[in-house]
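Visitor: Got a minute to walk me through this fold? I'd like to go strand by strand and then look at the odd spots.

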Amino acid sequence: MPKVISRSAVSSSTDAAPTASSAAALRVYYCICGEFILVIDKSLASLPRRQTDGSTIVRSQDSDAGKARVFKLNATPGDPVLVERKGGHERQYRLLCPRCALPIGYQSTPPPEKSGPYLYIIKGALTQMQGQVAADAFDGEEAVRVSAEGKASHSLT
């Protein structure tokens, strides 16, 4: 029986300049139930927020104002919702977590995702740590605290 010799060569250079794809760190975000939802090329904290509801604005199409973000969204379309705003109404096409159906974002145009100029991620809906609730998930919500005597008191967080 002939002797089998296998060899492998690994080539690397510490002097090589990083490429654009190696320098771009992708960020992964999860729903609070633990389901994978979003991979994006920039941190959500560094993206602009809407003044109306604090949602994160993700540019989904190129325009004169700027280039679209590179992202992949794992969400199911929900029913459209009509939200009352100062000076009128806004139609939101909700995007839901495929596991727990929690609203995680919306856009102003009907599905599919990226069909409109922007996609909005609801404040506190996503976290970078799987299985942990985002720090701002309950901002502005009413908290119920139970005293040692068993009496409930309500306060805003």
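Guide: Sure. Let's begin at S1, residues 27–31, which runs antiparallel to S2, residues 36–40, with four bridges joining the two strands. Keep in mind that this is a predicted model.

Visitor: Who is the bridge partner of Val 28 in S2?

Guide: Val 28 is matched with Val 39 there.

Visitor: And how many residues sit between S1 and S2 in that hairpin?

Guide: Four residues separate the two strands of the hairpin. Gly 34 is in the turn, with a positive phi of about 105°.

Visitor: How many bridges join S1 to S9?

Guide: Two bridges, and S1 and S9 run antiparallel. Take Cys 31 as an example: its bridge partner in S9 is Leu 126.

Visitor: OK, changing topic. What's the strand order in the five-stranded sheet?

Guide: The order is S3-S8-S7-S6-S5, in an open sheet with antiparallel pairing. At the edges are S3 (56–59) and S5 (76–85), each of which pairs on one side only. From one strand to the next, the twist averages 30°.

Visitor: Zoom in on S7 and S8 for me. How many bridges do they pair over?

Guide: Two bridges: S7 covers residues 103–107, S8 covers residues 118–121, and they pair in the antiparallel sense. Tyr 106 has Tyr 120 in S8 as its bridge partner.

Visitor: Two tyrosines, nice. How many aromatic pairs turn up in the whole structure?

Guide: A search of the whole structure gives two. In one of them, Tyr 106 and Tyr 120 are stacked, at 5.1 Å centre to centre with 25° between the planes. Tyr 106 belongs to strand S7 and Tyr 120 to strand S8, so this pair ties together parts that are 14 residues apart in sequence.

Visitor: Are those two tyrosines buried or exposed?

Guide: Tyr 106 and Tyr 120 are both buried. For Tyr 120 the relative accessible area is 10%, which counts as buried because the cut-off is under 20%.

Visitor: What about the rings of Tyr 118 and Tyr 120, how far apart are their centres?

Guide: The centres of the Tyr 118 and Tyr 120 rings are 6.3 Å apart, and with the planes at 35° the pair is tilted. Tyr 118 has 28% relative accessibility, so Tyr 118 counts as partly exposed. Through these ring pairs, Tyr 106, Tyr 118 and Tyr 120 are linked into a cluster.

Visitor: Let's move on to the loop between S7 and S8. Where is Pro 112?

Guide: Pro 112 is in that very loop, between S7 and S8. The peptide bond from Pro 111 to Pro 112 is cis, with omega near 15°.

Visitor: Why would I flag a cis bond or a positive phi at all?

Guide: Because most peptide bonds are trans, and most residues other than glycine have a negative phi.

Visitor: Then what's the phi of Lys 114?

Guide: Lys 114 has a positive phi of about 70°, and Lys 114 is not a glycine. Like Pro 112, Lys 114 is found in the loop between S7 and S8. Its relative accessible area is 37%, so Lys 114 is partly exposed.

Visitor: And Ala 101, which loop is that in?

Guide: Ala 101 is in the loop between S6 (88–96) and S7. Ala 101 also has a positive phi, about 65°, although it is not a glycine. With a relative accessible area of 46%, Ala 101 is partly exposed.

Visitor: While we're here, how far apart are Arg 99 and Cys 33?

Guide: In space they're 7.7 Å apart, C-alpha to C-alpha, while in sequence 66 residues separate Arg 99 and Cys 33. Arg 99 lies in the loop between S6 and S7. Arg 99 is exposed, with a relative accessible area of 52%.

Visitor: Last one, the surface. Which residues make the nonpolar patch?

Guide: Ile 32, Val 133 and Phe 138 make a nonpolar surface patch of about 260 Å². Val 133 is in the loop between S9 (126–127) and S10 (142–146).

Visitor: And why does Val 133 count as partly exposed?

Guide: Because its relative accessibility is 44%, and partly exposed is the range between under 20% for buried and over 50% for exposed.

Technical notes. Residues numbered from 1 in each chain as written. Predicted model: local features only at pLDDT ≥ 70, side-chain atom pairs only at ≥ 80, totals over all residues. Heavy atoms only, no water. Patch = residues over 30% accessible without salt bridge, like charges linked within 9 Å, V, L, I, M, F, W, Y side chains within 5 Å. Areas by Shrake-Rupley, 256 points an atom, 1.4 Å probe, with all protein chains shown as cover. Salt bridge = Lys/Arg side-chain N within 4 Å of Asp/Glu carboxyl O. Buried < 20%, exposed > 50% of the residue type's maximum accessible area, 1.4 Å probe, protein only. Pairing = 2+ DSSP bridges. Axes fitted to C-alpha atoms, helices over the stretch in contact; angles between N-to-C directions. Phe/Tyr/Trp six-rings, centres within 6.5 Å; stacked < 30°, edge-to-face > 60°.
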